[in-house]
Amino acid sequence: MSKTSITVLGLGRMGAAIAEVFLRNGHPTAVWNRTPDKAIHLDELGARRAKSVADAVAAGELIVTVLADTAAAGDQLVPLGAALSGRTVLNLATGRPDTARELADRLAAHGARFLDGGIFGVPQTVGTPDTLIVYSGAAEAEFADVIRELGATKYVGGDAGLAALHDMAVLGGMYGLFGGFFQATAMVHSEQVSAVDFTDTFLVPWLRALLDMLPTLAAEIDSREFPVNFSDLAVNATGLADIRTTSRNQGVATDLLDPLQRLFDAEVERGHGTASFTRAFAGLLDAPVPSGS
């Protein structure tokens, strides 16, 4: 059976790892990078180095972009116009949902199909189940088997912006975790407690235990009923206020926690103090959850 011809645009660490997987799996693979001779080891695996983006695109049925971001992919591809016709673009660079949707429309005007994706993994795990590729777009079926060569996959729908939304949301959760980590270590560091010792002994075991709670909390959110499986909103609002006071008494700023306190307090003032603390999520939505929930 003939192998899909693939083009990889962008040969940073992730792009080079992706190209290597395709080459080792027997795909004719053309590569292009703004700086020539990047990832030279790919040549030994049979990569064809394209002299231009146009040359690279002409060589592949599936065009995989691993450039700086989604906008950069558009900057390279859209000027090619009709040369894109009949090809499928899989963008694996980080970007926003609106940018992905815009690029899908611009490529469609030139007869190209578009898939947008996000990579949850590192270059060393590409091609193994330890990397997850989340992707979306209307052209899902044709190259699903090829995409699976890069790791575990999750197709999230025909809207090209959905993969980027999932990616941004996961990263949003990650930065929330980092915010809590910074706050906690600053508090103990104010008394010269080792951040490493505190993190290893106290913080990591507690956070790992909390991870097992998240599916239950997510079910509370989906139900829009907010039953109290762990603790209610009023108790958490009071506890958070104590944490903030302790931080300030230790000379530690509370900028990372203040918005969460406002969110908790606002929902308590709306009469939801006896609901699960997950009710605070409703305060983040443009369209409020009904008051009876």
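The protein exposes about 15,200 Å², and carbon and sulfur atoms supply 57% of that area (Shrake-Rupley method, 1.4 Å probe; for residues, only the protein chains shown count as cover). The model is a predicted one, in which local features need pLDDT of at least 70 and side-chain atom pairs count only at pLDDT 80 or more, while totals for chains, interfaces and linings use all residues. Residues are numbered from 1 along each chain as its sequence is written, and side-chain values rest on heavy atoms, with hydrogens and water left out.

Taken along the principal axes, the C-alpha atoms fill a box of roughly 60 × 45 × 35 Å. Of the 293 residues, 43% are buried (buried means under 20% relative accessible area, exposed over 50%, partly exposed in between, with a 1.4 Å probe and protein chains only). As for contacts (heavy atoms within 4.5 Å), 58% of those between residues at least 6 apart in sequence join residues at least 24 apart. The protein has eleven helices and eight strands, taken as DSSP runs numbered from the N terminus (helices are H or I, at least four residues; strands are E, at least two).

The eight strands make an open sheet with mixed pairing, in the order β3-β2-β1-β4-β5-β6-β7-β8; two strands pair if DSSP finds at least two bridges between them. The edges belong to β3 (48–49) and β8 (151–155), and each has a single partner strand, so one side of each is left without a neighbour in the sheet. Further in, β4 (residues 62–65) and β5 (residues 88–91) run parallel and are joined by four bridges. In that pairing, Thr65 has Asn91 in β5 as its bridge partner. Helix α1 (residues 13–24) packs on the sheet, where it touches β1 (6–9), β2 (29–32), β4 and β6 (113–120), and its direction makes about 165 degrees with that of β1. For that angle, axes are lines fitted to C-alpha atoms, for helices over the stretch in contact, and angles run from 0 to 180 degrees between N-to-C directions.

A few loop residues are worth a look. Gly60 sits in the loop between α3 (53–58) and β4 and, at 3% relative accessibility, counts as buried. Leaving out residues up to four places away in sequence, Gly60 touches Ser5, Ile6, Thr7 and Arg87. Pro28 is 32 residues from Gly60 in sequence, yet the two are 8.2 Å apart in space, C-alpha to C-alpha. Two residues other than glycine have a positive phi: Ala39, near 55 degrees, and Gln192, at about 60 degrees. Ala39 belongs to the loop between β2 and α2 (41–44) and is buried, at 16% relative accessible area. Gln192 lies in the loop between α7 and α8 (195–211) and is exposed, at 67%.

Past α11 (258–272), the segment that follows includes Ser276, which is buried at 1% relative accessibility. Neighbours within four places aside, Ser276 is in contact with Glu220, Phe226, Pro227, Val228, Ser231, Asp232 and Leu233.

On the surface, Tyr175, Leu177, Phe178, Phe181, Phe182 and Leu256 form a nonpolar patch with about 610 Å² of accessible area together. Patches take residues with over 30% relative accessible area and no salt bridge, joining like charges within 9 Å and nonpolar side chains (Val, Leu, Ile, Met, Phe, Trp, Tyr) within 5 Å. One of the patch members, Phe181, is found in helix α7 (residues 162–189) and is partly exposed at 31%.

Then come the salt bridges, ten in the structure (a side-chain nitrogen of Lys or Arg within 4 Å of a carboxyl oxygen of Asp or Glu). Asp55 pairs with Arg48, with the closest N and O atoms 3.5 Å apart; Asp55 is partly exposed at 27%, and Arg48 is partly exposed at 38%. Arg113 and Glu142 meet at 3.4 Å, N to O. That pair links distant parts of the chain, 29 residues apart, with Arg113 in strand β6 and Glu142 in the loop between β7 (128–136) and α6 (144–148). Asp258 and Arg244 form another, with the closest N and O atoms 2.9 Å apart. Here the link runs between helix α11, which holds Asp258, and helix α10 (residues 233–249), which holds Arg244, 14 residues apart. Both Asp258 and Arg244 are buried. Finally, Glu267, Arg270 and Arg279 are joined into one network by salt bridges that share partners.
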